Amino acid sequence: MSSNSNPRKPSTYVAMNELISQIRAEVIDQVNYQIICVDDCYGCPKKIIEYLIMTVESWEDKVTRGERVQLGDLNKLSKIAIKSQAALKKNGVL
């Protein structure tokens with residue numbers, strides 16, 4: 001058995017799809033869009049969610065076209081999502 005065929009480690013392509021699904025489920029789909037611009041803000045939640053959606057859609061497009069996904073790409077998208085989620089929670093829209 002070769003060391004490259006570890007069934008516990010998904011390919012970066014599969015991992016990116018899973019990360020995108022998780023971001024959509026835990027952040028994008030949970031945002032209360034009715035109160036985004038109601039109260040005082042800490043950063044602009046509208047711009048934060050728009051940036052996150054734009055970034056996720058960009059990666060969905062790249063994955064669909066078969067572009068190569070590297071571990072650094074996964075890490076960068078994950079950090080963007082974590083920071084966005086924290087800012088949205090601080091603003092009370094998540």
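The following legends describe close-up views of a predicted three-helix model.

As the model is predicted, local features are given only at pLDDT of at least 70 and side-chain atom pairs only at pLDDT 80 or more, while totals for chains, interfaces and linings use all residues. Residues are numbered from 1 along each chain as its sequence is written, and side-chain values use heavy atoms, with hydrogens and water left out.

**View 1. The whole chain is an arrangement of three helices and zero strands.**
Along the sequence the pattern reads α-α-α, where helices (DSSP runs of H or I, at least four residues) and strands (runs of E, at least two) are numbered from the N terminus. The radius of gyration, taken over C-alpha atoms, is compared with a globule rule of 2.2 Å times the number of residues to the power 0.38. For the 94 residues here that rule gives 12 Å, whereas the radius of gyration of the protein is 16 Å, well over that value, so the protein is more spread out than a compact globule. The C-alpha trace spans about 60 × 25 × 20 Å along its principal axes. Contacts are counted where heavy atoms lie within 4.5 Å, and of those with a separation of 6 or more, 80% join residues 24 or more positions apart.

**View 2. Helix 2 turns one face inward.**
Helix 2 has 20 residues and reaches 28 Å from its first C-alpha to its last, close to the 28 Å expected at 1.5 Å a residue; the expected span is 1.5 Å times one less than the number of residues. Accessibility is classed with a 1.4 Å probe on protein chains only, buried being under 20% relative accessible area, exposed over 50%, and partly exposed in between. The buried residues of helix 2 are Pro 45, Ile 48, Ile 49, Leu 52, Thr 55, Val 56, Trp 59 and Val 63. Seen down the helix axis, these residues fall within an arc of 130°, so they line one face of helix 2; the arc is that of the directions from the axis to the C-beta atoms. This buried side packs against helix 1 and helix 3, whereas the face turned away from it carries the exposed residues Lys 47 and Thr 64. Gly 66, with a positive phi near 85°, follows the helix.

**View 3. Helix 3 also has its buried residues along one face.**
Helix 3, residues 71–90, has 20 residues and reaches 29 Å between its first and last C-alpha, close to the 28 Å expected. Leu 74, Leu 77, Ile 80, Ala 81, Ser 84, Ala 87 and Leu 88 are buried in this helix. Their arc about the axis is 165°, so they line one face of helix 3, and what covers them includes helix 1 (12–26) and helix 2 (45–64). On the other side, Leu 71, Ile 82, Lys 83 and Lys 90 are exposed. Ser 84 has a relative accessible area of 6% and, leaving aside neighbours within four places in sequence, is in contact with Ile 48 and Leu 52.

**View 4. The largest nonpolar core has 23 residues.**
Such a core is a set of buried Ala, Val, Leu, Ile, Met, Phe, Trp, Tyr and Cys residues joined through side-chain atoms within 4.5 Å. Met 16, Ile 23, Leu 52 and Leu 77 touch the most other members of the core, to which helix 1, helix 2 and helix 3 each supply at least two residues. Beyond its neighbours within four places in sequence, Leu 52 is in contact with Ile 23, Val 27, Ile 28, Ile 80, Ala 81 and Ser 84.

**View 5. Three salt bridges are counted in the model.**
The rule requires a side-chain nitrogen of Lys or Arg within 4 Å of a carboxyl oxygen of Asp or Glu. Arg 24 pairs with Glu 60, their closest N and O atoms being 3.0 Å apart; Arg 24 lies in helix 1 and Glu 60 in helix 2, so the pair ties together parts that are 36 residues apart in sequence. Both partners are partly exposed, Arg 24 at 23% relative accessibility and Glu 60 at 27%. Arg 65 forms a salt bridge with Asp 61 at 2.3 Å, N to O, and another with Glu 67, whose closest N and O atoms are 2.1 Å apart. Through shared partners, Asp 61, Arg 65 and Glu 67 are joined into one network.
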